[in-house]
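Biologist: I've got a model open and I'd like to talk through how its helices pack. Can you walk me through it?

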Amino acid sequence: MGCFQSKLGPLKQPLNHATINGGGSAVVGDGASAGFSEFTLSELKTATDNFSLKSIVSEGGEKAPNVVYRGRLQNRRLIAVKKFSKLAWPDPKQFAEEAKGVGKLRHKKLANLIGYCCDGDERLLVAEFMPNDTLAKHLFHWENQTLEWAMRLRVALYIAEALEYCSTEGRPLYHDLNAYRVLFDEALDMIRGKNILVLMDSHLEGNFSNEEATVVFNLSSQCLQYEPRERPNVKDLFTTLAPLQNKADVPSYLMLGIPKPEDVPPTPPQPLSAMGDACSRLDLTAIHQILVSTHYKDDEGTNELSFQEWTQQMRDILEARKRGDLAFRDKDFKTAIDCYSQFIDVGTMISPTVYARRSLCYLFTDQPDAALRDAMQAQCVYPDWATAFYMQSVALSKLDMHKDAADMLNEAAQLEDKRQRSLKGN
């Protein structure tokens, strides 16, 4: 299940996208996530065959309020392009800022945003393409088989997991998760006082557990209460639904009756470097050895400090970095995180290497989300630094986002190749 939602003011249309799960241009800074890009209108026209009718995949076709197109980038990556009206987002700066905010979300249960375009009157979002249609189609417009009970429970669990992640990241989503956006008040009236058997989809033909159905409907009733304090929190959703998963070992594509997805990662342009090879194998020990040996040679030119800054602040923060380096060398990763955080928090010096090192420390201490954020910050400081992309690749793999990880690994290898050719004068 994939979905992402942005929390906006009452007059704005949400930047949202919800589907069932199965390169772009210049990488955007400002904390946007791995692989997040600002696309040109020309690129998206090419990708969608000039926004042709045959590329439309959204419900309602071209008459939908926000049309979604299927597209393919020059690197052969499939994308979904959602077109908003200018009336929904008259301020291009606000649209761009909101897109970057949503673009920070990265999770295996989300259809992740990978870019945007704001050109003239055009307001466009670019997301991962989910090839297996919407929840609505699998529930209401199926052709070969209805959605079995175990898969419905899995969808509910995945939604709960996405809700919990987005809440943790400060972008809670509490609406627009229905297959057809049924109003919550109407849905509660439909459930209240009804027998469970009356409410169940007749196409299931009784193939469900009454005990599990009772749990699900009780949970649904709580979620739809008018008073927020009477609703369960997102963690309760996950903990209630997780024990109901009785087919955890059965792949979703089998339960959906669709072909097995062929997910072939892109091939790097040439044999990987030592760093690339270590990252492709998720060999944290080898990555650690490489970062220790390269020291700070890639930080040259990233700081311009005044004489006053050198005399007033540099001694303390360089001492913090030195303590961090010693702890990092000795594999005392928790201490290294503390020391590098002191260095970063002062903000006088900005070091991509420190971000990369702290990213690896987070990986060693089982904090892949934090590792990904630091690797992204390293990229913001040094946009063409292959190491930043390699570290993002490892963090994404640890988050089970293997397709994004493969893309990042490929992009890092290309940057290394480009740098080598530049050094050789090619």
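Biologist: How many residues does helix 17 have, and what does it reach from its first C-alpha to its last?

Modeller: Keep in mind that this is a predicted model. At 1.5 Å a residue, 32 Å is expected for helix 17. The model comes close to that, with 22 residues and a reach of 32 Å.

Biologist: What covers the buried residues of helix 17?

Modeller: Quite a few residues there need covering: the buried ones include Asp404, Asp407, Met408, Leu409 and Leu415. The cover includes a strand as well as helices. Among the covering elements are strand 8 (122–128), helix 10 and helix 16.

Biologist: Which helix gives the most to the largest nonpolar core?

Modeller: That core has 50 residues, and Met275, Ile287, Phe328 and Met391 are among those with the most contacts inside it. Elements giving two or more residues include helix 10 (274–280), helix 11 (284–294), helix 16 (386–398) and helix 17 (402–423). The top contributor, with eight residues, is helix 16.

Biologist: Which residues does isoleucine 287 touch, not counting those up to four places away in sequence?

Modeller: Isoleucine 287 is one of the residues with the most contacts inside the largest nonpolar core. Setting aside residues up to four places away, its partners are Met275, Ala278, Cys279, Leu360, Met391 and Val394.

Biologist: Are helix 14 and helix 15 roughly parallel or roughly antiparallel?

Modeller: Their axes come within 8 Å and cross at roughly 165 degrees. Angles over 145 degrees count as roughly antiparallel, so helix 14 and helix 15 are roughly antiparallel. The crossing is also left-handed. Your pick, then: roughly antiparallel.

Biologist: Is aspartate 374 buried or exposed?

Modeller: Aspartate 374 is found in helix 15, and it is among the residues there that meet helix 14. Leaving aside neighbours within four places in sequence, it is in contact with Tyr355, Arg358, Ser359 and Tyr362. Its relative accessible area is 4%, and under 20% counts as buried. So aspartate 374 is buried.

Biologist: Which residue takes a positive phi just after helix 13?

Modeller: Helix 13 has 14 residues and reaches 20 Å, close to the 20 Å expected at 1.5 Å a residue. Its buried residues include Phe333, Ile337, Tyr340 and Ile344. Just after helix 13, a phi of about 80 degrees is taken by glycine 347.

Key:
Residues are numbered from 1 along each chain as its sequence is written. This is a predicted model: local features need pLDDT of at least 70, side-chain atom pairs count only at pLDDT 80 or more; totals for chains, interfaces and linings use all residues. Side-chain values use heavy atoms; hydrogens and water are left out. A nonpolar core is a set of buried Ala, Val, Leu, Ile, Met, Phe, Trp, Tyr and Cys residues joined through side-chain atoms within 4.5 Å. Buried means under 20% relative accessible area, exposed over 50%, partly exposed in between (1.4 Å probe, protein chains only). Helices (H or I, at least four residues) and strands (E, at least two) are DSSP runs, numbered from the N terminus. Contact means heavy atoms within 4.5 Å. The expected span of a helix is 1.5 Å times one less than its number of residues. Axes are lines fitted to C-alpha atoms, for helices over the stretch in contact, and angles run from 0 to 180 degrees between N-to-C directions. Angles under 35 degrees count as roughly parallel, over 145 as roughly antiparallel, 65 to 115 as roughly perpendicular and the rest as oblique. A crossing is left-handed if the near helix is turned anticlockwise from the far one by less than a right angle, and right-handed if clockwise.
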